[in-house]
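Visitor: Could you take me through one part of this structure closely, namely the place where the ligand sits? I would also like to hear what can be said about the cysteines.

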Amino acid sequence: MGYRGLIEKYRKNLPVSDKTPVISLHEGNTPLLPARNLPDKLGFNGKIYLKFEGMNPTGSFKDRGMTMAVSKAVEDGSKIVICASTGNTSASAAAYAARAGIKCVVLIPEGKIALGKLSQAVMHGAEVLEIDGNFDEALNLVKELSSKYPLTLVNSINPFRIEGQKTAAYEICESLEQSPDYQFMPVGNAGNITAYWKGYKEYNKAAPEKYTLPKMMGFQAAGSAPIVEGHPITNPETIATAIRIGNPASWKTAEEARDESGGVIDKVTDEEILEAYRIVAVTEGVFCEPASASSIAGLIKYIKQGYFKSADPAKIVCILTGHGLKDPDTAVTNAVKPQKVKADIKDIINTIGF
Ligand SMILES: *Cc1c(COP(=O)(O)O)cnc(C)c1O
């Protein structure tokens, strides 16, 4: 049999045993695409790779953590998993719970969830509760609920989530046969930057010469940038709903990843995010969701600032965390509308403009 998901592939690096029932949708093993046109477009002489996590089974990297969290929940005899979500965690939890044959309860913030993600959670049969509050309030509620009732929390404070998600760093190291020099990525609740750093450190420990440590470059949206501002944001706002988080659960470990790697955690505006979202779709044929594009927006910002020395062409990986089809509303609202033409060859040729 071929690829069977990341638990089977990386079993020896993960806290599983023969007794762990593996709940998998064959997640992971996502493409690491060398960018063909982006370096020229951005006037950059290094190499840029796109880790397209939108190619996971439910369309985001959350599946890497969820295969672990749900497998361990089932091993522990749990019958219900619960999470707070800006969308992708609920889509993923719902799918893996369905596969496991257990129940899934999700708390989502009022209004601000992309329709594609909500459609996944409801189709997979989750109990979806929309609270009159934001993500941070939803997370506080599920933490309390899971401490008092027999509900397994599958947000990224669940350590098994981080274990599963670190495998993306392994895949990058294996594809490149070395580590990148820099990794650009979005930061929301900050579990993912924590997980990547753990993964890179593990490979570094096993083969320090081959797998050096990349600088971790994390980007928050300007209206939801608690780590950058140095304090929680009570009413976070951004078009990038997946990172609309004012008080990240993994704040401290994100700062450790930044400081130990010599990287940065910075912010990009919604305009910069939307511009990057269009550029990567148009120049590379890769459609990611707005939150994912904050990695590209961060790279553009740092190239413009002259952060990279041209004498030393860097090898850069940008993490594209989720698929663009998750949030078609943002795409359609920000794109050129289709032109109306007659069902007539002449009219079509005139419009194309030969
Ligand atoms: C969850 C998510 C993020 C943020 O990841 P954190 O681990 O919360 O920092 C970024 N992009 C997408 C598409 C996501 O679903």
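Guide: What follows looks at the surroundings of the ligand, then at two cysteines, and ends with a note from a record. Please keep in mind throughout that this is a predicted model. Around the ligand there are 16 residues, and those that come nearest are Lys62, Asn88, Asn189, Asn192 and Thr321. Two of these, Asn189 and Asn192, also offer backbone atoms to the ligand: a polar backbone atom of Asn189 is 2.8 Å from an oxygen atom of the ligand, and a polar backbone atom of Asn192 is likewise 2.8 Å from a ligand oxygen. The protein covers 97% of the 380 Å² of accessible area that the ligand has on its own. Gly191 contributes as well, with a polar backbone atom 3.2 Å from an oxygen atom of the ligand.

Turning to the cysteines, a search of the whole structure finds zero disulfides. For Cys288, the nearest cysteine sulfur is that of Cys318, 9.8 Å away. Because a disulfide needs two cysteine sulfur atoms within 2.5 Å, the 9.8 Å from the sulfur of Cys318 to the closest cysteine sulfur, in Cys288, is too far for a bond. Both residues are nevertheless buried, Cys288 with a relative accessible area of 1% and Cys318 with one of 0%.

Finally, an unreviewed UniProt entry places a feature named "domain: Rhodanese" at residues 80-147. Over that stretch, residues 80-147, the chain is 51% helix and 25% strand, while the C-alpha atoms at its ends are 13 Å apart.

Conventions. Residues are numbered from 1 along each chain as its sequence is written. This is a predicted model: local features need pLDDT of at least 70, side-chain atom pairs count only at pLDDT 80 or more; totals for chains, interfaces and linings use all residues. Side-chain values use heavy atoms; hydrogens and water are left out. Buried means under 20% relative accessible area, exposed over 50%, partly exposed in between (1.4 Å probe, protein chains only). UniProt positions are given in the numbering used here, feature names are shortened, and annotations may be inferred rather than shown by experiment. Helices (H or I, at least four residues) and strands (E, at least two) are DSSP runs, numbered from the N terminus. A residue is near a molecule or strand if one of its heavy atoms lies within 4 Å of it. A polar contact is a pair of N or O atoms within 3.5 Å; within protein, one must be able to donate a hydrogen and the other to accept it, and residues adjacent in sequence count only if both atoms are side-chain atoms. Accessible areas come from the Shrake-Rupley method with a 1.4 Å probe; for residues, only the protein chains shown count as cover.
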